[in-house]
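Trainee: I'm new to this structure and would love a close look at a single part. Could you pick one strand and walk me through its surroundings?

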Amino acid sequence: MACDPSDPYVFTTDALPSDLRFLPPLANGLLGWTVYDNIMHMGGVYNGEGGDCHRADVPCPLAVRVKMGEGEEGKHTYSLDTRTGLFTHIVCTESVCVTQSLYAHRQYPNLLVMEVLLVRQVTSQEPITVQLDSSFSPQSKDIVFQEGPEYRGARHIFGQTKESEVQGGSRPSVHIIWTPLMTSLTLQAEQSQSRWGFLAAFARSNESAQSCFDTGLQLIADGNLRPSHNRAWAELWLGSRLEIAGEEPLSRALIGCLFYLLSAFPSLDQTSAAFGGVSPGGLSNGGRGQDYWGHVFWDQDTWMYPSIALFYPSLARTVLEYRVGTLEGARANAEQQGYKGVKFAWESAVSGREVCPEDIYGQQEIHINGDVIHAFQHYYYLTQDLDMFREGRGSEVVWGVADYWVSRVTWSSEDQSYHIKSVMPPDEYYYNVDDSVFTNTVAKNSLDFAVELAALLQYPAPPEWQAVAERLKIPFDPDLQYHPEFKGYKKGGVVKQADVVLLGYPLGLPMSAAVRRNDLEAYEPVTDPRGPAMTWGMFAVAWMELGETERAQELLEKCYKNIQGPFQVWSESTDGSGAVNFLTGMGGFLQAVLFGYTGFRVQKDCLSFSPVLSDAVAELSVTGVSYLGNKLNWLVKGEEVSVKLWDLPVHAGKAAALEVVLKASGTRIPLTPGQTVTFPREAGALRRRDSAYSCWPI
């Protein structure tokens, strides 16, 4: 591997990874494709009923490799430019340089593009020919395709998935229109260079596919196909950058994580379109038996969502709208289990009905309900957007989950507490346990938020919501001064992944620094080193809370073992097994830096902070933090913090007047658009200027 140290945003190599699973995925919130693969996926297109539901394999017409003539091997360079989402293969011989560029269009998400450029290297009157080696086949094991009439010289196939997700449900259609591929390209004798463009348009109807293909052709005619794509990526990066001055591996890892996570979401002006959620392996993966079958888990709401929400609330809202869209299925899940309200599926596709292949997870891993509400609460505290809860039906989600918890708890007259029995905690090595401390805490938090939201919307909250929240058992050992993972947990028992460590962050359960330390020291040594990648980032956040930055950095560096090959693609486990393009692990890693080093905590009346640095991170820059309609840049350097409030255009909407309040001195620093303020690196809070509340990190 030979990365360009001068530009950490470009991942370059002279050899592809031997394991082709770690080729870079290209995605745009609707289409997902691992370069060169002959299949891809579309958001919301699944095949199979119930537990057999999986992302439908869609054939990819641009599954093409460029090959030179016999005896002309040439020098190969492969690169992924994360600034533009462009994968490039360059091969040069003495006579010609060939550049193949592939991208999932960021602005027009129904389009996949391949461009090939031939540039003559020597003066010659001979034509030069290169081969296009295609592995495309217009067939799928999940979709019955048939050939349609040509459209504007392009080929067209269409079909429906074989099975609906629920019995009697609809089966999605897929239409593909693409530029016919040639087996070779020739640079004629009189040409010094030539360029070819190939389009593939994917849509759910013939009319939409034709319209998208027309758009692509017009963009080519206007010379605006790639420029429009590049502008959309530039807009995303403009308002969401996380950069460090320090170790190169950390810098590249952060850039790769944020790139792949942004790729899983729509463009900023496409957020009104239907969004199919984010699965652990992203849109490029999830076929039958692969990468959790493309289902949506708590991973989306707990691990991927927080970093995106801090930069782009409009993208975060698409996650909430996905959950709203699955409400009917969630109601059916609750009813099937014999409870009231809504029960979000442990594994969800389109309908919201449970599609987990193994019943025990759907039955017992009910913390998913609290995880979903945590995302809604997080969004409201960042935006104060009540429209999401009124017209957007978010209140139905919050109150439906509250009703579920009330019907799910059991009252004990012996200890005068409510209990939640027979669950599986996030630590999936255990099941049929009572009073999972994580499950009970997210249940309490979601009940508290339901009461809070009801007051804001003047909705008559049932008194049971508050009563259960106040009396719900949160396991704690007063002798050992730590939180047992569940009732009956024996200290020292091996755990699979982050569980109790999540109580402090992101759940914000109040506890002393001593108890926080005791929890870390109890669980870190017994966490399975082969467990999923997101775990160590959460321990790192916790150690940063306690000021132990070097210990935190060691844990972050453990995550590097999950990064496979030159394109910064993550695997779920360190040996390369498990889900590929593991966005869950990337999300945890991003949070470790974005919320760890800054100390950002999204709270009811403020965004609190408590910044730290380490030997590996001498300087931290966060561009585009969103809070109450504002965008801000943060720079943590040495013993100082600088904050600049963006001067937003008038059409950007109403933004609250903000101030920084420092905890130790009580100093209040008003923020003015376009100006930078600098203050000592210490704990404080960002809040409304007219706020009467105090708000400090736990």
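Mentor: Happy to! One term to start with: two strands count as paired if DSSP finds at least two bridges between them. Please keep in mind that this is a predicted model. Let's take strand S25, which covers residues 606-609.

Start with the partner that leads into S25. Strand S24, residues 601-603, runs antiparallel to S25, and 3 bridges join the two. A hairpin makes the connection between S24 and S25, using 2 residues. To find this pairing on your screen, look for valine 602, which stands opposite leucine 607 of S25.

Now turn to another partner, further along the chain. Strand S32 spans residues 684-688 and is also antiparallel to S25, again with 3 bridges. Here serine 608 is a handy landmark, as it stands opposite alanine 685 in S32.

What about the two faces of S25? Both are covered. Cys606 and Ser608 lie on one side, Leu607 and Phe609 lie on the other, and all four of these residues are buried. "Buried" here means under 20% relative accessible area. So the two landmarks come back in this picture: leucine 607, the one opposite valine 602, belongs to one face, while serine 608, the one opposite alanine 685, belongs to the other.

To place this in the whole chain, note that the protein is divided into domain 1 (10-235) and domain 2 (617-688). The centres of these domains, taken over C-alpha atoms, are 42 Å apart.

How values were computed:
Residues numbered from 1 in each chain as written. Predicted model: local features only at pLDDT ≥ 70, side-chain atom pairs only at ≥ 80, totals over all residues. Heavy atoms only, no water. Domains from an automatic or database assignment. Buried < 20%, exposed > 50% of the residue type's maximum accessible area, 1.4 Å probe, protein only. Helix = DSSP H or I, 4+ residues; strand = E, 2+ residues; numbered from the N terminus.
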